[in-house]
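Let us walk through a protein fold, from its inside to its surface. Keep the 3D view open as you read.

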Amino acid sequence: MSECLFCKIASREIPATILYEDEHAVAFRDINPQAPVHVLIIPRQHIASLAELKPEQTALMGHLLWVCAEIARQEGVEAEGYRVVLNTNRAAGQSVFHLHLHLLGGRHMRWPPG
Ligand code: AMP
């Protein structure tokens with residue numbers, strides 16, 4: 001059995017507020033939101049980070065981005081705008097080593113990010 005937190009959320013062993021799921025992806029609210037809308041989009045398949053991505057997984061990444069756009073529509077942040085963040089490894093702040101996209105919206109985003 002996987003010890004990965006996000007694998008356990010995907011398999012519903014650990015509860016989360018799931019907004020969307022399909023064969024390949026799961027989207028759920030971040031437990032410590034950094035914006036009014038903060039949703040994590042993950043592949044069901046365990047991929048530790050973007051740095052581990054294999055050529056055969058590129059279509060899956062495209063699918064995850066499509067899920068982000070769908071959730072942004074559902075959450076009503078499409079028109080104002082939103083940000084998608086993919087922290088990769090420690091210096092970028094990755095703390096959970098199961099690849100995930102952060103969808104952030106509902107407030108003004110600064111640039112450059114911290
Ligand atoms: P990162 O720092 O990019 O690896 O992002 C990990 C994210 O997972 C953080 O924003 C955390 O708040 C979030 N997180 C950690 N545990 C949970 C959980 N049990 N349910 C939902 N989000 C979580």
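We start with a helix, move to the core, and end at the surface.

This is a predicted model, in which local features need pLDDT of at least 70, side-chain atom pairs count only at pLDDT 80 or more, and totals for chains, interfaces and linings use all residues. Residues are numbered from 1 along each chain as its sequence is written, and side-chain values use heavy atoms, without hydrogens and water.

Find α2 (58-75). Helices here are DSSP runs of H or I with at least four residues, strands are E runs of at least two, and both are numbered from the N terminus. α2 has 18 residues and spans 26 Å from first C-alpha to last. Gly-76 follows α2, with a positive phi near 80 degrees.

Which residues of α2 are buried (under 20% relative accessible area, 1.4 Å probe, protein chains only)? They are Leu-60, Met-61, His-63, Leu-64, Val-67, Cys-68, Ile-71 and Ala-72. Their cover includes β1 (18-21), β2, β3, β4 (82-85) and β5.

Now look at the largest nonpolar core, which has 18 residues. Such a core is a set of buried Ala, Val, Leu, Ile, Met, Phe, Trp, Tyr and Cys residues joined through side-chain atoms within 4.5 Å. α2 gives the largest share, seven residues. Leu-64 is among the members that touch the most others. Beyond its neighbours within four places in sequence, Leu-64 is in contact (heavy atoms within 4.5 Å) with Ala-25, Ile-41, Ile-42, Pro-43, Leu-99 and Leu-101.

Finally, turn to the outside. Val-84 lies in strand β4. Val-84 is partly exposed (between 20% and 50%), at 34% relative accessible area.

Methods
The expected span of a helix is 1.5 Å times one less than its number of residues.
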